[in-house]
Amino acid sequence: MKNRKLIILVIICLFLQAILFISFDFRFTTLPILDGFPVGLATPVATQLLVYWYLPIVAFSFYISGNIKDLLSNYGFLQISRNYKKEYWLIKQFLRLFVKIILFICLQIALISIITPFHISWTSQFFYLILGYFLMLFTIFSLQYLLELFIDAQKALLIINSYLIISVLAADLIYQNTAATWPYYLLIPNYGMGFRTGLCEFPNTSTSLISQPAGLIILLVVLLCVFTIAIKKFKTTDILCTDMGK
């Protein structure tokens, strides 16, 4: 029942995002969710764009929150006891997350393409943008799963979403106050914005904060580390315990 209600919330937020983008006057080059928004914008515009971009993401974060714990409380324990090794069961949950994110992005793109004036151009740039956006989301939500193996699901939810918002805002502050480029690579949410990886150009603004090839490699390395740590932690976790953070 919880998941059904949260799926409805995600869908509502996706529709709301598309509706909000209909009349928003901004020079996007592909689709708003893939472009994101550049640094150096006026605060009211940046705040508005951040809310529009972030709305379905936080809804999806709520949707997956506590999934592993809930599954273990239901039939996950029996699956592990009878059919699966712990690591195989956990990998399966990450694969399910992988599929859910693909479906989330497909629905997001479909709604924006249908409801708004923006249309898909099947270019190599578009596919690179999709790849960056997908890997960014998969990394962020995999980190949320990882944190839930160590702490309470609500705390993991708060940490991940705080990191997401702070990362987007911090990139703007770094851009305005220093010429250093390495701090951007610590701010994973920016990897999914074409305006910040240089894949999309914005007038009078240097948008290449993060090298796209280097960014993709970093995301893959982070994912590998997440899976490795998660498997090691899960193998030593007592699945009979209802609170996985203890």
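Helices, as counted here, are DSSP runs of at least four residues, numbered from the N terminus. In this predicted model, the protein chain has nine helices and zero strands. Reading from the N terminus, then, the elements simply go α-α-α-α-α-α-α-α-α.

What share of the 246 residues is buried? Buried residues account for 51% of the protein chain. As for how the chain meets itself, take the contacts between residues at least 6 apart in sequence: 75% of these join residues at least 24 apart. The accessible surface adds up to about 12,100 Å², and carbon and sulfur atoms contribute 68% of that.

Helix 7, covering residues 153-177, is a good one to check with a ruler. With 25 residues at 1.5 Å each, helix 7 should span 36 Å, and the C-alpha atoms at its ends turn out to be 35 Å apart, so the two values agree. At the N-terminal end, aspartate 152 acts as the cap of helix 7, with a side-chain oxygen 3.0 Å from the backbone nitrogen of glutamine 154. Several residues of helix 7 are buried, among them Ala153, Leu157, Asn161, Leu164 and Asp172. The buried residues of this helix pack against helix 3 (43-64), helix 6 (124-148) and helix 8 (194-197).

Over in helix 4 (residues 67-82) sits asparagine 67. Is asparagine 67 buried or exposed? Its relative accessible area is 5%, so asparagine 67 counts as buried, the cut-off being under 20%. Leaving aside residues up to four places away in sequence, asparagine 67 touches Asn3, Lys100, Tyr145 and Glu148.

Key: Residues are numbered from 1 along each chain as its sequence is written. This is a predicted model: local features need pLDDT of at least 70, side-chain atom pairs count only at pLDDT 80 or more; totals for chains, interfaces and linings use all residues. Side-chain values use heavy atoms; hydrogens and water are left out. Helices (H or I, at least four residues) and strands (E, at least two) are DSSP runs, numbered from the N terminus. Buried means under 20% relative accessible area, exposed over 50%, partly exposed in between (1.4 Å probe, protein chains only). Contact means heavy atoms within 4.5 Å. Accessible areas come from the Shrake-Rupley method with a 1.4 Å probe; for residues, only the protein chains shown count as cover. The expected span of a helix is 1.5 Å times one less than its number of residues. A polar contact is a pair of N or O atoms within 3.5 Å; within protein, one must be able to donate a hydrogen and the other to accept it, and residues adjacent in sequence count only if both atoms are side-chain atoms.
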